[in-house]
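Work through the exercises below with the sequence and the model at hand. Each task is followed by a solution in steps.

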Amino acid sequence: MTAQATNGIQGYTKISWRMSENNSGQALEVFCTSTTLLTCFGGQLNLVTDPIYKEKMARYVRYLINEMARLNIDIRLNSEASVGLIKLMNPDVVLLATGGTPRVPGFEDLELPHVSNYRDVKVENSIFTGKKIAVIGSGMVCHSTSRRLSEQGNEVTIIEVLTESARKISQQTRVKLLEKLKTEDIQVITGHDVSKIVLDGVNLKEEKTGETVMVEVDQVVIAMGVQAYNPLEEPLREVMDHIIVIGDAAGNTSLADATRGGFETAYHLA
C-alpha cells in the first residue's frame, strides 16, 4: 500500500503513522512544502522560544528526523501535493497533516497597520523595540510571544482571551507561566472582552459591570492559537476514498493530542 501525506505547517502528527506503517511493510511517500527536514517535521514546535522547552522540542524533532532516515521513508521536500498528483499516484490511503494557521478572532479592524499575529514575531522575526504592546490571547503561544516581545525591550500587556488550548492547561502550569510573566514585568488583564481595536489602543468591556476602558498601546499582536488549515480534504473526498485528517488540520490543540491521533491512526491502519 502506498500512502501520501501532505504537510503544511506541522509535521509531528504524522510521524507515528508513517513509522508504524513502514514497520508493517507498507510503502510510504511524504510530501512536504518545507525546504528542510527541521521545518518539515518541527511544525508548530519551531514556534517554541523558551530556552529550556526549545531544547526539549529540538531533541524531539531530531529524534523524528533520525527515525525517518532509519526507516528509509521517501520524503519529498519543497514539494506540494495537489489533488491531481495524489489522484495520479492512486494511493490506498491519504493522510492529511497540513497543520494550522494563526486563529483569526472576530474583532473589528484587524487590518490596521499596527496589528500582527504571533507568527510575525516568532517566525518572521519582526522586531519591535521600545513599544507599548498588547498581546491578545492565552495559553503557551501567547505567553511565549509576550516574553519574546518583552526581551526585545517592549512594555507588554496581555489581554487574556481564553482559547480552547488554554483551558486545557493545568492550574499548576498556569501558576508557573504567570510567575515567568511576572519576572518579565508583563501585566495581565483578565475579566474583560475585547470590543474593538483602534489606532491608539484596544477598547475593552468589563465582563461583570459592562464598564468600558481603553488600553493605550502602539502595537497589537494576536496570539489566540491555531485554526485548522485543511484545503485538500474536501476536493480529495470528491475523487477518492480513505482520506484521513490528523493533527492541527483535524482540530487538535496540543502536542499530546496530535501525537496520540497520529499513533492511533497508524495502529488501525497497520
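Asn72 has a relative accessible area of 68% and is exposed. The model is a predicted one, and the exercises start from this residue.

**Exercise 1. Two loop residues**

Task: State where Asn72 is found and what is notable about its phi. Then do the same for the location and phi of Asp185.

Solution.
Step 1. Asn72 sits in the loop that runs between helix 3 and strand 3 (74-76).
Step 2. Its phi is positive, about 55°, although Asn72 is not a glycine.
Step 3. Asp185 belongs to the loop between helix 8 and strand 9 (187-189).
Step 4. Here too the residue is not a glycine, and phi of Asp185 is positive, near 60°.
Step 5. The relative accessible area of Asp185 is 66%; the cut-off for exposed is over 50%, so Asp185 is exposed.

**Exercise 2. Salt bridges of Glu55**

Task: Find which side chain meets Glu55 in a salt bridge at 3.8 Å, and which residue forms a salt bridge with Glu55 at 3.2 Å. Classify the residues involved as buried, partly exposed or exposed.

Solution.
Step 1. Side chains of opposite charge can pair when their charged atoms come close.
Step 2. The criterion is a side-chain nitrogen of Lys or Arg within 4 Å of a carboxyl oxygen of Asp or Glu.
Step 3. Arg59 and Glu55 satisfy this criterion, with an N to O distance of 3.8 Å.
Step 4. Both residues are in helix 3 (residues 51-70); because they are four residues apart, about one helical turn separates Arg59 from Glu55.
Step 5. Glu55 also forms a salt bridge with Arg62, where the closest N and O atoms are 3.2 Å apart.
Step 6. Relative accessibility is 45% for Arg59, which is partly exposed. Glu55, at 35%, is partly exposed, and Arg62, at 42%, is partly exposed.

**Exercise 3. Other salt bridges**

Task: Describe the salt bridge between Glu233 and Arg237, then say how many salt bridges a search of the whole structure finds.

Solution.
Step 1. The closest N and O atoms of Glu233 and Arg237 are 2.9 Å apart, and the two residues form a salt bridge.
Step 2. Helix 9 (residues 233-237) contains both Glu233 and Arg237, which lie four residues apart, about one turn of the helix.
Step 3. Glu233 has a relative accessibility of 22% and counts as partly exposed. The value for Arg237 is 42%, and Arg237 is also partly exposed.
Step 4. Elsewhere, salt bridges link Glu29, Asp74 and Arg76 in a network.
Step 5. The search of the whole structure finds seven salt bridges.

**Exercise 4. Helix 6 against helix 8**

Task: Determine how the axes of helix 6 and helix 8 cross, and which residues meet there.

Solution.
Step 1. The axes of helix 6 (residues 139-151) and helix 8 (residues 171-183) come within 10 Å of each other, crossing at roughly 15°.
Step 2. Angles under 35 degrees count as roughly parallel, and helix 6 and helix 8 are therefore roughly parallel to each other.
Step 3. Their crossing is left-handed.
Step 4. Helix 6 contributes Met140, His143 and Arg147, which meet Thr173, Leu177, Leu178, Lys180 and Leu181 of helix 8.
Step 5. Sorted by class, this contact of helix 6 with helix 8 has four nonpolar, two polar and two charged residues.

**Exercise 5. Two buried residues**

Task: For Ser150 and Ala134, decide whether each is buried or exposed, and list the contacts of Ser150 and of Ala134 beyond four places in sequence.

Solution.
Step 1. Ser150 is part of helix 6.
Step 2. Its relative accessible area is 12%; since buried means under 20%, Ser150 is buried.
Step 3. Apart from residues up to four places away in sequence, Ser150 touches Val156, Glu184 and Ile186.
Step 4. Ala134 is in strand 7 (residues 132-137), and at 0% relative accessibility Ala134 is buried.
Step 5. With neighbours within four places in sequence left aside, Ala134 contacts Thr157, Ile159, Val202, Val217, Gln219, Val220 and Val221.
Step 6. Ala134 and Val221 are 87 residues apart in sequence, and their C-alpha atoms are 6.3 Å apart in space.

**Exercise 6. The whole protein**

Task: Give the number of helices and strands, the percentage of residues that count as buried, and the percentage of contacts that join residues at least 24 apart.

Solution.
Step 1. There are 10 helices and 15 strands in the protein.
Step 2. The protein has 270 residues, of which 46% count as buried.
Step 3. Taking contacts between residues at least 6 apart in sequence, 72% join residues at least 24 apart.

Key: Residues numbered from 1 in each chain as written. Predicted model: local features only at pLDDT ≥ 70, side-chain atom pairs only at ≥ 80, totals over all residues. Heavy atoms only, no water. Buried < 20%, exposed > 50% of the residue type's maximum accessible area, 1.4 Å probe, protein only. Axes fitted to C-alpha atoms, helices over the stretch in contact; angles between N-to-C directions. Parallel < 35°, antiparallel > 145°, perpendicular 65-115°, else oblique. Left-handed = near helix turned anticlockwise from the far one by under 90°. Contact = heavy atoms within 4.5 Å. Nonpolar A, V, L, I, M, F, W, Y, C, P; charged D, E, K, R; others polar.
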